[in-house]
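Please explain this structure to a reader who is meeting it for the first time, beginning with one helix and moving outward from there.

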Amino acid sequence: MWTHHVNWAQIKSKVLFWQNPAVSLQELILDRRRVYIVPSKTGFTYLVLLIMIFIAAINFNLNLGYALTFILATAAIVDMLYTFRNLAGLGLLSTPPQPVFAGETAQFTLHLANRNPRPRYAIGIGFTKETMQMADIPATSNGIITLSYTSTQRGWYQCPRIRLHTSFPMGLFNAWAYLQTDKHLLVYPAPEQGAPELPYTDIDGEQSLAKSGHDEFSGVRNYHPGDSPKNLAWRQMARQSGGDNDVLLSKVFSGGQQKMVLLDFSALAVTLSTEQKLSRLCAWALRAEKQGLVYGFKLGSHYLSPSNGERHQRNCLIELALFSTDTRV
Amino acid sequence: MKTLFTPAFWYQWRLSQDKVNTLHLIFSCLLALIPFIQQSPWWVSLAAGLLLFWRSEITIAGHQLPSKWLLISITCLITTGILWSAQNWMGRETGVSILVILTCVKLLEMQARRDAMAVIFVSYFLLAGQLFYSQSLLTGLYLGLCLACLFSVQQSFHYHQLTPPFLQRLRDGASLLGVTIPLALLLFLLFPRIQGPLWGKPQPHPYGMTGLSDYMQPGNISELFFSDQIAFRVKFSGATPLPQDSYWRAIVLDRFDGQRWIASPSQNNIRLNMDTRPASIAIPDIFQHIIMEPNNQHWLFALDLPISITNPDQLTLHLTQRREIYSYRQLQERLQYDVVSRSSALISQQLTALERKNTLQLPPNANPLTMQWVNNLRKTRTDPTELAQYVLNYFRVEPFSYSLSPPPLGNQQVDDFMFTTRSGFCEHYASAFVVIMRALGIPARVVTGYQGGELNPVDGLTTIRQSDAHAWTEIWLENRGWLRIDPTAAIAPNRVQHEVTQHYAAGGFSRLINLNEHAWLRKQAFYIRANWDALNSAWNLWGLNYNWEKQKAFISMFGVHDPQLAQLPVILALSASIVTGLLALILLWKQTKSTPLDKLYGQFCKRMRTYGHPRHPEEGPSDYSHRLQQECSISPHFIAFLQLYSRCKYGKEYNSNNYNALKQLLKKCHQHKTAR
């Protein structure tokens, strides 16, 4: 039945020119406002060629020459639509990158969703034109591309604008789109290479030399992430669970005897620069965690009470990454 | 281009993507170069072929490309050779030859995609160059083939890793060509035609043209007998002449120097449409629409004798005193005109003193034997008609023969022919007859043109080919005016009375098979050829001769009255935008492939919406059925449908039985609702 109202919304939803519905809020669909398209250098050469053929057709009155010109010109228009179509409607989803230490390469993962029943060929993706990676996404499937970004300085980094580019199929047009995500990269200070020994202290805060070996065993408690695997109470675990290893227990050693480290920014030698100090603290935090020590952390006005575990380490590293000289006391 | 593997690896395995692309490019390039074989010197074609072969060998075997210096020296060598052998350094042939060689050399220094693009673009240009030599229907089809190949290869060079198979890529090229056709056709039909040339003088038509020349000497018409080329086509409206009466007049030659016949300098032109006598009912006027192929000459064709002609726009035409239609400009484009002819018996004619002098002129002291023979003849008879009859009869009775390869004639052409060789074709007979008539004191002249023609039953056009070229004579009789006499008809009446199918049967295949023995085959061959000719004729008429006149006719078909040239861009812009918009809509349409199962579910949801129980967008089929059960007392068919659909879609129960069951349930739901 023919309705009087043409359903524009329905037509719009059917044409790639207008926006596709995104699957999630994070996902971005490349639509007509995001895909830019201009003739490429090759395209301009092609135009010059067309003009030459056209002039020859006029000058020698070649009607078949007119036909050839028009076919080639239309092919360029069709190519423009193909190029646009190769990029438009692509769904992009970026995931937050894992924090890295300064100087390391961060990995940004970009999920590419092609919901159309035609493959998308030869799409270049990268932060700059020079570091493009080529990707093909088969029909109605997803692709993943990992972009590398070398961090130089600690702190928060805005994920750089990602450029998607294609000139498929004929190379006469460049179509591109930018993806600016709200994802941030956290860069920790680079850990100092060959940092000195950890600054062991007594519970009262006085520094002391390291004491070898663990102190007296005082009992067990539930395993916390970050507890040293060396301290797992294997015998108690076996006894308690009756062979079903679903509870992890850690040994607890009696108080005063446990080795303890305080990572204090202000206690470091004044000859070191701020960044060097941060690097050293970073290296120490990593080493203390690795050795399963309990360590406290003091950076300016921020104090983290002695603890250990992945979470504690992360908090320390975040403090180090975001430390700013202005807030220094 | 370095190969990563040894050649043996690639012989054992399939060729890599790069190599397939390169070979594809070489092949497409070859296709674009083939038409130039005829135009370039043979050794240039050979060199191009060798270079292409070399490039293919390098690709397949995975050798290194030759060094730049080697290529430069090869190019210099061949280019020098071309310039050395060329008569004209700026000529088109020289340019084409150099372009051909440069294309092949460029293939040999192809390093990156950019170079491949350069080769492809040059190939597009070569396609245009090929049109200088031919624009026939076959050329058009060949152009399409080349374009599809080149599109495909241009696309192939832009793939990264995911690449469709080779055949699919060829298909893509062809489909791209197909997609361009609607818009390209529209542009072709509506784009304003600019009358060339933009610079320089009109160049002589590039096609190798054969046709009548402005002089006659034994041999130059018989050359045409072997040419299949079309001279012109005619559409008759009203009366159609019999084949034996179809004398297409072109040039009148009245001056003989003993060797060749030429036309005396142009006389006064007569007014067009000058005739005063009314047309006779017994012998009606013949209206012809003639489509004439370019022949680089000045004369147009018409049946004996033309009385009026429509002036085509681009030419100034004159009807000469000798009843020729003369154009001051050479005929370099296909030409169409309407002409009316009337039997010479109905036209009053005068012979001026100058004309009489011209048409009695003979070379002095030439052909003494003939002159003696004529003097003897003059003693027996005096009546011009009787004399003419006697000479024609003499040709018939004496052992004269019709031959396309007569023995050569000496200096005394007519003497040799009359008394020694006695063998020749229309030129010999016409020449001898006119000389004898003049010697007898009867004004006479030679007329060249065409005789006959065959009707193509497919499009109703009569085709006159170069092989129909003919020469005949006219003599002046005091009380009757100019009278056409065809002395060749006295010798070989068959030459004049064609059978319509004779020509078709004689060409092409008949050289391989004797078609006369196979009536059925002959008939088929006739129809195929007739159809092909009709197609070609339509191509020439509508494709190659498409101009502003035709554009006007085309636009008028859409109800625009008297379109103006200034309106054309507007019409073009509007219609091209519409077509481009449609093209974009089709190409950017989101194809969604829904399975039959999804279609059923879609129908179901649509119906439920009309029944007032729409599915919420976030609901799956099972949630939906739960809600329906809770909300309202609904027929179990609906629930059953949803449950079965859910099992089919997400379980493993999808088969034809269940599909049919779903269909049945949907029908039941519908009946249930409408029954209420």
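Helix H2(A) has 19 residues, and at 1.5 Å a residue (the expected span being 1.5 Å times one less than the number of residues) they should span 27 Å, which agrees with the 27 Å between its end C-alpha atoms. This is a predicted model, in which local features need pLDDT of at least 70 and side-chain atom pairs count only at pLDDT 80 or more, while totals for chains, interfaces and linings use all residues. Residues are numbered from 1 along each chain as its sequence is written, and chains are lettered from A and ligands numbered from 1 in the order in which they are written. Helices are DSSP runs of H or I with at least four residues, strands are E runs of at least two, and both are numbered from the N terminus.

Buried residues, those with 20 or more other C-beta atoms within 10 Å of their own C-beta atom, placed from the backbone, include Tyr46(A), Leu50(A) and Phe54(A) in H2(A). The buried residues of H2(A) lie on the same side of the helix, because they cover an arc of only 160° around the axis, taken from the directions from the helix axis to the C-beta atoms. The face turned away from that side carries Lys41(A), Phe44(A), Val48(A) and Ile51(A), which are exposed (12 or fewer such atoms). After H2(A) comes Asn61(A), with a positive phi near 55°.

Turning to the partner chain, 45 residues of chain A are in contact with 46 residues of chain B, contact meaning C-beta atoms, placed from the backbone, within 7 Å. H3(A) gives the most to chain A's side, with 15 residues.

Note on methods. Contact = placed C-beta atoms within 7 Å.
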